[in-house]
Amino acid sequence: MDIFAIKLKETRIDKGFTQKQLAEAIKTTDDSIYSWEKGRSQPPIEMLRALSKILNVSTDYLLGLED
């Protein structure tokens, strides 16, 4: 599993979001969140930005570039 998938799932859970809630917050589908968390696909850059804002972490954190 890639670092983004791990960080996304851990952060989502830590912040108290379900996959469906997070998907609604960034205007995507829960299937997309599921695929990203399983490492099957990666979000487009605009979704990465939206994820970092809603989860209140940096994009570098989600990408595993900082702790």
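**Notebook: a first look around an all-helix chain**

I began with the outside: the accessible surface of the protein chain comes to about 4,200 Å², and 48% of that belongs to carbon and sulfur atoms. A reminder to myself: this is a predicted model, and I worked through it with that in mind.

**Entry: overall build.** I looked up the secondary structure next. The protein chain has 5 helices and 0 strands, so my list of elements, read from the N terminus on, is simply α-α-α-α-α. I then checked how the chain is packed overall. Its radius of gyration is 10 Å, close to the 11 Å that the globule rule gives for 67 residues, so the chain is as compact as a globular protein of that length. Along the principal axes, the C-alpha atoms fill a box of roughly 25 × 25 × 20 Å.

**Entry: contacts and burial.** I asked myself what share of the 67 residues is buried. I found 31%. I also looked at contacts with a separation of 6 or more: residues 24 or more positions apart account for 53% of them.

**Entry: the core.** Which residues have the most contacts inside the largest nonpolar core? I noted Phe4, Leu8, Trp36, Leu51 and Leu62, in a core of 14 residues. Two or more residues come from each of helix H1 (3–14), helix H2 (19–25), helix H3 (30–37), helix H4 (45–55) and helix H5 (59–62). H4 gives the most, with 4 residues.

I stayed with Phe4 for a moment. Leaving aside residues up to four places away in sequence, Phe4 touches Trp36, Gln42, Pro43, Leu48, Leu51, Leu62 and Leu63. Among these, Trp36, Leu51 and Leu62 were already on my list of residues with the most contacts inside the core.

**Entry: two loop residues.** I went looking for odd backbone angles. Lys27 has a positive phi of about 60° although it is not a glycine. I found Lys27 in the loop between H2 and H3. Is Lys27 buried or exposed? With a relative accessible area of 72%, Lys27 is exposed, because exposed means over 50%.

Asn56 went into the notebook too. Its phi is near 60°, a positive value in a residue other than glycine. Asn56 sits in the loop between H4 and H5, and at 63% relative accessibility Asn56 counts as exposed.

**Entry: charges.** Last, I looked up the charged groups. The protein chain has 10 positive and 11 negative charges, and I noted that their mean positions are 4 Å apart.

Terms used. Residues are numbered from 1 along each chain as its sequence is written. This is a predicted model: local features need pLDDT of at least 70, side-chain atom pairs count only at pLDDT 80 or more; totals for chains, interfaces and linings use all residues. Side-chain values use heavy atoms; hydrogens and water are left out. A nonpolar core is a set of buried Ala, Val, Leu, Ile, Met, Phe, Trp, Tyr and Cys residues joined through side-chain atoms within 4.5 Å. Buried means under 20% relative accessible area, exposed over 50%, partly exposed in between (1.4 Å probe, protein chains only). Contact means heavy atoms within 4.5 Å. The radius of gyration is taken over C-alpha atoms; the globule rule is 2.2 Å times the number of residues to the power 0.38. Accessible areas come from the Shrake-Rupley method with a 1.4 Å probe; for residues, only the protein chains shown count as cover. Lys and Arg count as positive and Asp and Glu as negative; His and the chain ends are not counted. The place of a charge is taken as NZ of Lys, CZ of Arg, CG of Asp or CD of Glu.
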